[in-house]
Amino acid sequence: MPRIPADEILIAGHWRRGRGLPIHTVDPADGAVLTTVHAASVEDVEEAARAAAGAAAAPEWRDLLPHQRARVLHRIGDAIEEHAEDLSALQTADTGKTLGETRALALSAAGTFRYTAAALETAEDALTPSRGPYLTMSVHAPIGVVGAINPWNSPIASDAQKLAPALAGGNAVLLKPAEWTPLVSLALGRIVHQVLAGAGLPTALLAVLPGKGSIVGDAIVRHPLVGRIGFTGGTGTGRGIAHAAADKLIPASLELGGKSPTIVREDADVEQALAGVMYGIFSSSGQSCVAGSRLFVHSGLYDAFVGELVERVRKLRVGPGTSPDTQVAPLVHHRHRDAVAAYVDLAREEGGRVLCGGAAPQGKRYAKGAYYLPTVIDGLPNSAPTCQEEIFGPVLVALRYDDEDELVAQANDSDFGLACGIWTRDARAAWRLGRRIEAGTVWINTYKQFSISTPFAGMKDSGLGTEKGRDLIRAYQRQKSLYWGTDSAPLPWAN
């Protein structure tokens, strides 16, 4: 069991108990309470926001040159890597994920800070073409205080993808982790706090404020000092944040839900496609916004492919995230496990055939945990709720198709447009399909590969704005233009 942080949260540069209600964080593998964290209150958000505004405007932070801020980001990245094993163990305890996955997420967070530091070191403002007797420049300035609200499925990676560019842009950040999984975000907050303090910088540049979204998240979004919101989570909550941001006339980036199609063409490498389809939906126990949860297989291959898939899915090893043999770990919380089970029950009621899984595993090992067997369902039309709504669990719905136009129509018949997978040996077909499918990310003969250097965005109800990529810092800054007069002649109205 990893060392659990003390019952303190980071408010206005100081570690102390929040004034909100207690949060009991639970190990999904056995239901045991890990610790109790007192959530932030609305008053805590107010205190943190005012301190953050002061820190963002403090000369020791405001006047840092870009390469000096980059040095701070490098130190944070190094510290994350140094503590990667502890961060991994803590995230596994809090989320249930396998240690292999949480270790990769911790190292990904370190890489995000380093990449952002490099982008900051090499970022340039521009001299724009002159259109008169003046020199024109386009420059970028910090927003001030930004809010970052993240989900429970991959906390440390999501935190880094918002914290790194926000700090690189010269801002202060109010970070709200998910109520169910605050521990690794608080541990990351301690790392950032120590680096800032060691560099002689204001520690109020980062606040970590766990609690209910309807209380703490809403207070952050609506606070008058918060000038930008970065949100990852459900589409319904994202719509509410977008409305609040519109009322305040501030920018918001929203990474929302998905119901991503994964397509197996008749010419696919079957072994590669079988492994990729399983990894795309059952890794992370399906708790991923990009999970390939709708499987489209060409009719000529469907029966053989789905039959073999089901046989392999039945053999996936379900167990605690701490076991090196585990492939499918418990879901994040018992309430979430019950919500996933309810979707499978609905599929049965609507005539779907549960080909494997469809229940919690039996046995003493699983009795107290939030486990659910990896599940494959077919026999439903693409219009069924189970095929249209994000389940966020280890549930795959299989559908057949006959021709490409029919496939594209079905794949795009969704409110979401986050990701897509294509399995084919035909490069021309992959190019054609990849352009036709409405998705922000398309994987071809691979799935769930990520790079901080590559922009990530969603279409339709899957989001607004872009994360990652070379320009990730600019999303956390304001652009302004400067005109320098060069004409010695007086202006027209001068005496």
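The exercises below, each with a worked solution, concern a predicted model.

**Exercise 1. Cysteines**

Find how many disulfides the structure holds, and describe the surroundings of Cys289 and Cys387.

*Solution.* Begin with the general idea that a disulfide is a covalent bond between the sulfur atoms of two cysteines. The cut-off needed here is that the two sulfur atoms must lie within 2.5 Å. A search of the whole structure with this criterion returns zero disulfides. Take Cys289 next: its nearest cysteine sulfur belongs to Cys420 and is 15 Å away, and Cys289 is in no disulfide. For Cys387, the nearest cysteine sulfur is that of Cys356, which is 15 Å away, and Cys387 is likewise in no disulfide. Now turn to accessibility, where buried means under 20% relative accessible area. Cys289 has a relative accessible area of 14% and is therefore buried, while Cys387, with a relative accessible area of 0%, is buried as well.

**Exercise 2. Salt bridges between separate parts of the chain**

State how many salt bridges the structure holds, and work out which parts of the chain are tied together by the pairs Arg17 with Asp7, Arg114 with Glu81 and Glu404 with Arg436.

*Solution.* The total for the structure is 30 salt bridges. In one of them, Arg17 pairs with Asp7, and their closest N and O atoms are 3.1 Å apart. Because Arg17 lies in the loop between strand S2 (14–16) and strand S3 (22–26), and Asp7 lies in the segment before strand S1 (9–11), this pair ties together parts that are ten residues apart in sequence.

The next pair is Arg114 with Glu81, whose side chains meet in a salt bridge at 2.6 Å, N to O. Since Arg114 belongs to helix H5 (residues 99–122) and Glu81 to helix H3 (residues 66–82), the parts tied together are 33 residues apart in sequence. Arg114 is partly exposed at a relative accessible area of 27%, and Glu81 is partly exposed at 39%.

The remaining pair is Glu404 with Arg436, with the closest N and O atoms 3.2 Å apart. This salt bridge links distant parts of the chain, 32 residues apart, with Glu404 in helix H14 (residues 404–412) and Arg436 in helix H15 (residues 427–436). Glu404 counts as buried because its relative accessibility is 17%, whereas Arg436, with a relative accessible area of 33%, is partly exposed. Elsewhere, salt bridges that share partners join Arg16, Arg19, Asp44 and Glu47 into one network.

**Exercise 3. A sheet of three strands and a nonpolar patch**

Give the strand order of the three-stranded sheet, identify the strands at its edges, and list the residues of the nonpolar surface patch that includes Trp484.

*Solution.* As a general starting point, strands of a sheet pair through backbone hydrogen bonds, either parallel or antiparallel. This sheet is open, its order is S5-S6-S24, and its pairing is antiparallel. Strand S5 (126–128) and S24 stand at the edges with a single partner strand each, so one side of each is left without a neighbour in the sheet. From one strand to the next, the twist averages 30°. Three bridges pair S5 with strand S6 (residues 134–142) in the antiparallel sense, and Leu127 stands opposite Met137 in S6.

Leu127 also helps to make a nonpolar surface patch of about 410 Å², together with Leu135, Leu482 and Trp484. Trp484 is placed in strand S24 (residues 477–485), which is one of the edge strands of this sheet.

**Exercise 4. A sheet of seven strands**

Describe the order, edges and twist of the seven-stranded sheet, then locate Thr375 and say whether this residue is buried or exposed.

*Solution.* The sheet is open and has mixed pairing, with the order S14-S15-S16-S13-S12-S18-S19. Strand S14 (353–356) and strand S19 (441–444) are the edge strands, each pairing on one side only. The average twist from one strand to the next is 25°. Within the sheet, strand S12 (residues 261–264) and strand S13 (residues 294–298) run parallel and are joined by four bridges. The bridge partner of Val264 in S13 is Val297.

Thr375 is found in strand S15 (residues 375–378), and it counts as buried because its relative accessibility is 0%. Between Thr375 and Val290 there are 17 Å in space, C-alpha to C-alpha, and the two are 85 residues apart in sequence.

How values were computed: Residues numbered from 1 in each chain as written. Predicted model: local features only at pLDDT ≥ 70, side-chain atom pairs only at ≥ 80, totals over all residues. Heavy atoms only, no water. Buried < 20%, exposed > 50% of the residue type's maximum accessible area, 1.4 Å probe, protein only. Patch = residues over 30% accessible without salt bridge, like charges linked within 9 Å, V, L, I, M, F, W, Y side chains within 5 Å. Areas by Shrake-Rupley, 256 points an atom, 1.4 Å probe, with all protein chains shown as cover. Salt bridge = Lys/Arg side-chain N within 4 Å of Asp/Glu carboxyl O. Helix = DSSP H or I, 4+ residues; strand = E, 2+ residues; numbered from the N terminus. Pairing = 2+ DSSP bridges. Axes fitted to C-alpha atoms, helices over the stretch in contact; angles between N-to-C directions.
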